[in-house]
Structures are given as structure tokens and as C-alpha cells.
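Biologist: Before we talk about helices and empty spaces, could you put the sequence and the model side by side?

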Amino acid sequence: MLSTRVSTRFASKVLSKSLSQIATGGLATRGTTCVLLHQNSRAFMTSSRPFFNVSPPKTIAEQEVKNLKEFKQRSWPHPVYSETEMKGIAIAHREAKDWSDWVALTAVRFFRWSFDFATGYKHDKQIAMGNKDAHGPDAFHMTPEKWLARFIFLESIAGVPGMVAGMIRHLHSIRRLQRDHAWIETLLEEAYNERLHLLTFLHFRQPGWFMRMMILAGQGVFFNTFFFAYLISPRTCHRFVGYIEEEAVITYTRAIADLENGMIPEWTNLKAPEIAIHYFDLKPGADMRDILMVIRADEAKHREVNHTLANLQQEDPNPYALTYGNDSPHPTKGHEYPKPLGWERTEIAVKAAV
């Protein structure tokens, strides 16, 4: 028994000494890494506000790239947009025509005001209406920190509607023992796309405790509200998302204008992360402008899709999953035939051929 106690004490001392040496070496290495990260990214990474922490260590980024290379193909490949299609994205607004549209529009205006207040964004109505140049010198300009705060919060909430709607329709389908007419795939793909937007921006900044609490509260409230709202009126919910995406197009249009106008010099040569190049199928030398352009095109597509779904009846087939027998304009996953305000039900019924 005595021998056992002596051996245990001796082993404990040796282990304690080894751990001390490892900790000291690890701390020195970590300190060097942090200094290098700070020197390479201090142009726009530093902040006295609790929105963000320092970017993740390089080892995590390398592991992320390694994991990405293990995937052969994603479940929902991203459509490839041409430069002409992305430059052709324009700000558009669908006028409210009935009480359902007005409920959706009023809700969007309330959430937009709250979101603008939380992220320090000033919304210029004249730019939103297309009556004022977003590149003008009198337009309000945001710092890189505020833009990233807005993007991260926006995308963390934007991934909720598609997942909730897809989940509800999935449960309805298996409970009623009926087909869903291909709505579920499009809705889940939209949620997946928004999540990849979020992961792209998280490469540049990691939210601090304050932003994380905002996201937690925002998702909790929005998820439950949207869930019960979709049970009551799916049409109103899709119109709501259509209006939300109109605002998203405005946001990214303003960000692109600021970047092209030299208001965000920190992003001029900021390269796209591996996750963006892999998912969006960007060229190897893609930069921040390329990311913003393709994400704006995605939001414009979500705008069209949700306005279109709001124009349909719940038992109608998903027009974005149909086969069309001619080359006339029809709904597609890309921007070959853009329809910012959505396709009307009568336009689709005539062209579709299942």
C-alpha cells in the first residue's frame, strides 16, 4: 500500500511538471500566432465594441479548408450566374394589393426598423426607390465593422423561413399521406443557401458575446413567430419573405456601391475564403466584391421565388421544379429570365408541362 502511494505521488509530480512545460510552450506559440493575425488583419479587424472577437486562429481555418476538400459535391449545387446577370440585378418593390400583402409589408417595416437600429444602419428611402444614386457623396456610408455586423445578423435570421416552411410542409405531407408538389426542396435549398452566406461572412469576423445574444434572441422570437404564422397563412409568410429579400437586395446594393466608390478601402483587395470559392464556384482570385455580387444575386432570386410562391395556391406544383417544353421565359433556378416581382399564377399555368 505504501509503495503504491509513493508511486502515485511521484507520477503526479512528473505529470504536473510536463503539463507546465507544455502550457508554457503552447502559450508562447499562441501569443506569436495572435500577433501575426493582428498584424495581417488589423486594418479592419480591431474594434472597441463587443460585436466581434478576434478572427479564429489559422489552424482552424486550415482545418476548415481540409474538411471542405473532403466533400465531392454538395446536395444543392449553386447556380452559376454570369457577370451580366449579376450586374443586371436591380432594386424592385412589389406593391401591396390586399390585406395579406399589407400585413406582410407592415411586419417587414417593423423588423427592418428594429434591425437597422441594432446594426447602426441608416436606410435611405430615395435610394430604395431608385430615385437617388447609391454612389453619391451625400449617401450614408458604413464602416466595414458595421457592414459585417449587418450581414451576419441578417443571414443568421434569413436562414429561418425556408427551414420552417419546409419543415411544416414536410410534416403535412407525411401526416396527410400526400405529395408536396416539390415545394420542400426549394424551401430547404433556400435555407441552405442563406446558411452558406453566413458561413462565408464568419470567415472575416467572429461575433462577440453581444452579437451572439442578439442572434439567440432574434432566432428564438422569429422562429416561433414565423412557425405559427405559416400555420395560419403560408401565402402571407411567403409575401413577407419576398419583402424581406427586397430589403436584402437594397442592403447588398448599398454595400457594393460603397466598395466600388472607395468608401471601404479595407475590402479592395480582400480575397474570398475557400468556402465561398468552393460553394459559389468563384474564380481562384475572387475578392469581396465578387462575394457581394453573387450573394446579392441569390437574394434577388429568393425575392422572386417567394413572391411567386405567394401568388400560387398551396396545392399548385412548384414552378421551379417543373419541366418546360419551349424556350419562352419561365421560372428557373438562375437568372436567365429575371422576374423581380414574381411570376403570376396565370403565367406559369400556361407554360408548364409536367
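Biologist: Into how many nonpolar, polar and charged residues does the lining of the largest cavity divide?

Modeller: This is a predicted model, where local features need pLDDT of at least 70 and side-chain atom pairs count only at pLDDT 80 or more, while totals for chains, interfaces and linings use all residues. Residues are numbered from 1 along each chain as its sequence is written, and side-chain values use heavy atoms, leaving out hydrogens and water. With Ala, Val, Leu, Ile, Met, Phe, Trp, Tyr, Cys and Pro counted as nonpolar, Asp, Glu, Lys and Arg as charged, and the others, Gly among them, as polar, the lining of the largest cavity comes to 7 nonpolar, 5 polar and 5 charged.

Biologist: Which elements give two or more residues to the lining of the largest cavity?

Modeller: The largest cavity (a set of points on a 1 Å grid over the protein atoms alone where a 1.4 Å probe fits but cannot get out, with lining residues having an atom within 4 Å of a point) holds about 240 Å³ of space. Of its 17 lining residues, E189, E190, K301, H302 and K333 are the closest to the centre. Two or more lining residues come from each of two helices, α7 (183-202) and α11 (288-311).

Biologist: And which elements do that for the second largest pocket?

Modeller: A pocket is instead an open set with protein on both sides within 12 Å along at least five of seven lines, and the second largest one contains about 480 Å³ of space. It has 24 lining residues, with F111, F115, F153, I157 and I244 nearest its centre, and by class the lining has 17 nonpolar, 3 polar and 4 charged residues. Those giving two or more residues are α4 (99-119), α6, α8 (209-232) and α9.

Biologist: Are α6 and α9 roughly parallel or roughly antiparallel to each other?

Modeller: Helix α6 (residues 144-176) and helix α9 (residues 234-260) have axes 12 Å apart and pack at about 155°, in a crossing that is left-handed. Because angles over 145 degrees count as roughly antiparallel, the relation of α6 to α9 is roughly antiparallel.

Biologist: How do the residues of the contact of α8 with α9 divide by class?

Modeller: The axes of α8 and α9 come within 6 Å and cross at roughly 135°, which makes α8 oblique to α9. In contact (heavy atoms within 4.5 Å), F222, F226, A229, Y230 and I232 of α8 meet P234, C237, H238, F240 and V241 of α9. By class, this contact has 9 nonpolar, 1 polar and no charged.

Terms used. Axes fitted to C-alpha atoms, helices over the stretch in contact; angles between N-to-C directions. Helix = DSSP H or I, 4+ residues; strand = E, 2+ residues; numbered from the N terminus. Parallel < 35°, antiparallel > 145°, perpendicular 65-115°, else oblique. Left-handed = near helix turned anticlockwise from the far one by under 90°. Points joined across faces, edges and corners; volume = space filled by probe spheres on them.
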